[in-house]
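These are my notebook entries on one structure. I set down what I looked up, topic by topic.

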Amino acid sequence: MLKNSYIVWEGASLIDGSPIVLILTGFVNHTSNRKTGYLLQSWIIKQNILPTEAAKKGFDKAICGDCPMKLSRLGSCYVNLAVTNNIYRKYETGAYPYFSKNEIEVLKRYRYPIRIGSYGDPTAVPFDVWKPIILASGSHTGYTHNWLFCDNSWKQYLMASVQSLGEARIAQNRGWRTFRIIAPDAPLTQNEILCRNTEDDRNKCDNCFLCDGKSSKPNVADRVHGLKWKISNFVKYSESLSN
């Protein structure tokens, strides 16, 4: 019988070599994330530490690399770590079965769309682990802050996640489409469009898929969101870049 969640892979992070795990959720029960809609969620977490502890103490390089948004740096990451903690606790108790060829066949049959990296950077996990899942799924979205260093194969599947115009230009010159976080009142550039969900929250990721990395689509920007203190941290960071 199909389960809701599966352990896909356990191994050494490609970012720093420490032990991490990739878990897929949402096969039976849809995510409660109103923006993404019905996408399978994928979680890259450390095997041996609670996500909130890793984030607070800066022990999350294995899964987040040098992302400036994380809690130990800017403190602007929008991910609700309470959800990630629950996934970690279930993993720790052995509650999740292992992903197999049977589940790949389910993906092929029903074409479940997937969010590549609901938490953690997808490029911490080997590309060969992800590829059969991506190819079997109907559609996908995904982002990486590790675009300077990851396997170039990711360009066709992920957006380069950037926080400044300078970063966006560098990434685009290297062949990436970009997803740029902007301050609430910041303008778009000529080669960007605003996230469609921000324009109208009836547009959800599961019927948009602009953020699938394909080079024929425009670059995307979105206003920083989340808790007020996280937004404030990002605005201060953006202002420091322009001073």
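Which exposed residues does the face of H4 turned away from its buried side carry? I found Lys101, Asn102 and Arg109 there.

**Basis of the entries**

I worked from a predicted model, in which local features need pLDDT of at least 70 and side-chain atom pairs count only at pLDDT 80 or more, while totals for chains, interfaces and linings use all residues. Residues are numbered from 1 along each chain as its sequence is written, and side-chain values use heavy atoms, with hydrogens and water left out.

**Helix H4**

I took helices (H or I, at least four residues) and strands (E, at least two) as DSSP runs, numbered from the N terminus. I called a residue buried under 20% relative accessible area, exposed over 50% and partly exposed in between (1.4 Å probe, protein chains only).

H4 covers residues 101–110, and I noted Glu103, Ile104, Val106 and Leu107 as buried in this helix. Seen down the axis of H4, these buried residues fall within an arc of 155°, so they line one face of the helix; the arc is that of the directions from the helix axis to the C-beta atoms. An α-helix has 3.6 residues a turn, so residues three or four places apart point the same way. Among the elements that cover the buried residues of H4 I listed strand S1 (5–12), strand S3 (40–46) and helix H5 (127–136). Just after H4, I recorded a positive phi of about 55° at Arg111.

**Aromatic pairs**

I paired rings of Phe, Tyr and Trp (its six-membered ring) if their centres lie within 6.5 Å; planes under 30 degrees apart count as stacked, over 60 as edge-to-face and the rest as tilted. I obtained a count of 10 aromatic pairs by this rule.

One of them joins Tyr6 and Phe27 edge-to-face, at 5.3 Å centre to centre with 85° between the planes. This pair links distant parts of the chain, since Tyr6 lies in strand S1 and Phe27 in the loop between strand S2 (19–25) and S3, 21 residues apart. I found both Tyr6 and Phe27 buried.

In the pair of Tyr143 and Phe179, the ring centres are 4.8 Å apart and the planes stand at 65°, so I entered the pair as edge-to-face. It also links distant parts of the chain: Tyr143 is in strand S5 (residues 140–144) and Phe179 in strand S7 (residues 178–182), 36 residues apart. Phe179 is buried, with a relative accessible area of 7%.

I noted further that ring pairs link Tyr6, Phe27, Tyr38, Phe99, Tyr110 and Tyr112 into a cluster.

**Cysteines**

How many disulfides does a search of the whole structure find? I found 0 disulfides, with a disulfide taken as a pair of cysteine sulfur atoms within 2.5 Å. For Cys67, the nearest cysteine sulfur is that of Cys64, 6.4 Å away. For Cys150, the nearest cysteine sulfur is that of Cys67, 14 Å away. I entered Cys67 as buried, with a relative accessible area of 9%, and Cys150 as buried at 12% relative accessibility.

**Asn197**

I located Asn197 in helix H7 (residues 196–199). Is Asn197 buried or exposed? I recorded Asn197 as buried, with a relative accessible area of 16%. Not counting residues up to four places away in sequence, Asn197 touches Lys35, Asn203 and Lys204, where contact means heavy atoms within 4.5 Å.
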